[in-house]
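Visitor: Please take one part of this structure and go through it closely. I am new to it, so explain the terms as they come up.

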Amino acid sequence: MQGEELEKLSAQLPDWKVNGGHHLTKTFTFPDFKTALAFVNRAGAVAEAQGHHPDLLLTWGRVDVKTYTHKIDGLTESDFILAAKIDQEFSS
(Lines give C-alpha, C1' and ligand atoms only; values in the text may rest on other atoms or scores of the structure.)
Protein backbone atom coordinates (compact mmCIF):
# COMPACT_ATOMS: atom_id res chain seq x y z
CA MET A 1 0.00 0.00 0.00
CA GLN A 2 1.29 3.41 -0.90
CA GLY A 3 0.38 6.79 -2.31
CA GLU A 4 -3.15 8.12 -2.11
CA GLU A 5 -4.59 4.98 -0.53
CA LEU A 6 -1.99 5.06 2.25
CA GLU A 7 -2.59 8.76 2.87
CA LYS A 8 -6.37 8.26 3.01
CA LEU A 9 -6.18 5.47 5.59
CA SER A 10 -3.47 7.12 7.69
CA ALA A 11 -5.58 10.29 7.88
CA GLN A 12 -8.27 8.22 9.61
CA LEU A 13 -5.78 7.24 12.34
CA PRO A 14 -3.90 10.48 13.03
CA ASP A 15 -2.41 9.23 16.31
CA TRP A 16 -0.65 6.34 14.56
CA LYS A 17 2.65 6.94 12.83
CA VAL A 18 3.35 5.45 9.40
CA ASN A 19 7.03 4.52 9.39
CA GLY A 20 8.66 4.43 5.98
CA GLY A 21 5.43 3.25 4.39
CA HIS A 22 6.21 -0.12 6.00
CA HIS A 23 4.52 -0.27 9.41
CA LEU A 24 2.27 1.56 11.85
CA THR A 25 3.31 2.42 15.39
CA LYS A 26 1.70 4.00 18.40
CA THR A 27 2.60 4.35 22.07
CA PHE A 28 -0.14 4.03 24.69
CA THR A 29 0.52 5.29 28.22
CA PHE A 30 -0.95 4.05 31.49
CA PRO A 31 -0.73 4.97 35.17
CA ASP A 32 0.89 1.65 36.14
CA PHE A 33 2.07 -1.78 34.98
CA LYS A 34 -1.16 -3.60 35.84
CA THR A 35 -3.31 -1.35 33.63
CA ALA A 36 -0.83 -1.59 30.76
CA LEU A 37 -0.81 -5.39 31.06
CA ALA A 38 -4.61 -5.51 30.99
CA PHE A 39 -4.54 -3.46 27.77
CA VAL A 40 -2.02 -5.86 26.22
CA ASN A 41 -4.36 -8.74 26.99
CA ARG A 42 -7.32 -6.93 25.41
CA ALA A 43 -5.27 -5.94 22.35
CA GLY A 44 -4.08 -9.54 22.09
CA ALA A 45 -7.66 -10.79 22.10
CA VAL A 46 -8.50 -8.38 19.27
CA ALA A 47 -5.46 -9.58 17.32
CA GLU A 48 -6.48 -13.21 17.75
CA ALA A 49 -10.02 -12.45 16.61
CA GLN A 50 -8.64 -10.66 13.53
CA GLY A 51 -6.02 -13.29 12.82
CA HIS A 52 -3.57 -10.40 12.50
CA HIS A 53 -0.85 -10.10 15.13
CA PRO A 54 1.03 -6.90 16.01
CA ASP A 55 4.25 -6.56 17.96
CA LEU A 56 3.38 -5.47 21.49
CA LEU A 57 6.10 -4.14 23.80
CA LEU A 58 5.01 -3.84 27.43
CA THR A 59 6.97 -1.70 29.86
CA TRP A 60 5.94 -0.04 33.09
CA GLY A 61 3.11 2.35 32.23
CA ARG A 62 3.55 2.02 28.48
CA VAL A 63 2.68 -0.24 25.57
CA ASP A 64 4.28 0.24 22.15
CA VAL A 65 2.35 -1.29 19.26
CA LYS A 66 3.81 -2.00 15.83
CA THR A 67 1.80 -3.59 13.05
CA TYR A 68 2.40 -4.55 9.46
CA THR A 69 1.54 -7.48 7.26
CA HIS A 70 4.40 -9.95 7.47
CA LYS A 71 3.32 -11.85 4.35
CA ILE A 72 4.01 -8.83 2.12
CA ASP A 73 6.48 -7.11 4.46
CA GLY A 74 4.43 -3.91 4.37
CA LEU A 75 1.09 -2.30 5.07
CA THR A 76 -2.36 -3.48 4.05
CA GLU A 77 -5.85 -2.35 4.92
CA SER A 78 -5.90 -5.04 7.62
CA ASP A 79 -3.21 -3.16 9.55
CA PHE A 80 -5.36 -0.05 9.68
CA ILE A 81 -8.42 -2.02 10.75
CA LEU A 82 -6.43 -3.66 13.53
CA ALA A 83 -5.02 -0.29 14.63
CA ALA A 84 -8.53 1.19 14.81
CA LYS A 85 -9.76 -1.75 16.88
CA ILE A 86 -6.80 -1.45 19.25
CA ASP A 87 -7.66 2.25 19.66
CA GLN A 88 -11.21 1.20 20.59
CA GLU A 89 -9.85 -1.13 23.27
CA PHE A 90 -7.76 1.69 24.68
CA SER A 91 -10.78 3.98 24.81
CA SER A 92 -12.99 1.44 26.56
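**A buried threonine and the helix pair**

Guide: Thr 69 counts as buried because its relative accessibility is 12%, where buried means under 20% relative accessible area with a 1.4 Å probe, protein chains only. The model is a predicted one, in which local features need pLDDT of at least 70 and side-chain atom pairs count only at pLDDT 80 or more, while totals for chains, interfaces and linings use all residues. Residues are numbered from 1 along each chain as its sequence is written, and side-chain values use heavy atoms, with hydrogens and water left out.

Thr 69 sits in the loop between β4 (62–67) and α3; helices (H or I, at least four residues) and strands (E, at least two) are DSSP runs, numbered from the N terminus. Leaving aside residues up to four places away in sequence, Thr 69 touches His 52, Gly 74, Thr 76 and Asp 79, a touch being heavy atoms within 4.5 Å. The side chains of Thr 69 and Asp 79 also share a polar contact of 2.8 Å, that is, a pair of N or O atoms within 3.5 Å, one able to donate a hydrogen and the other to accept it, and residues adjacent in sequence count only if both atoms are side-chain atoms.

The loop leads to helix α3 (residues 77–91). Helix α2 (residues 33–50) packs against α3 at an angle of about 145 degrees, with the axes 10 Å apart; axes are lines fitted to C-alpha atoms, for helices over the stretch in contact, and angles run from 0 to 180 degrees between N-to-C directions. Residues that meet there include Phe 39 and Val 46 in α2, and Ile 81 and Phe 90 in α3. α2 also lies across β2, β3 and β4, at about 165 degrees to β3.

Note on methods: Buried < 20%, exposed > 50% of the residue type's maximum accessible area, 1.4 Å probe, protein only.
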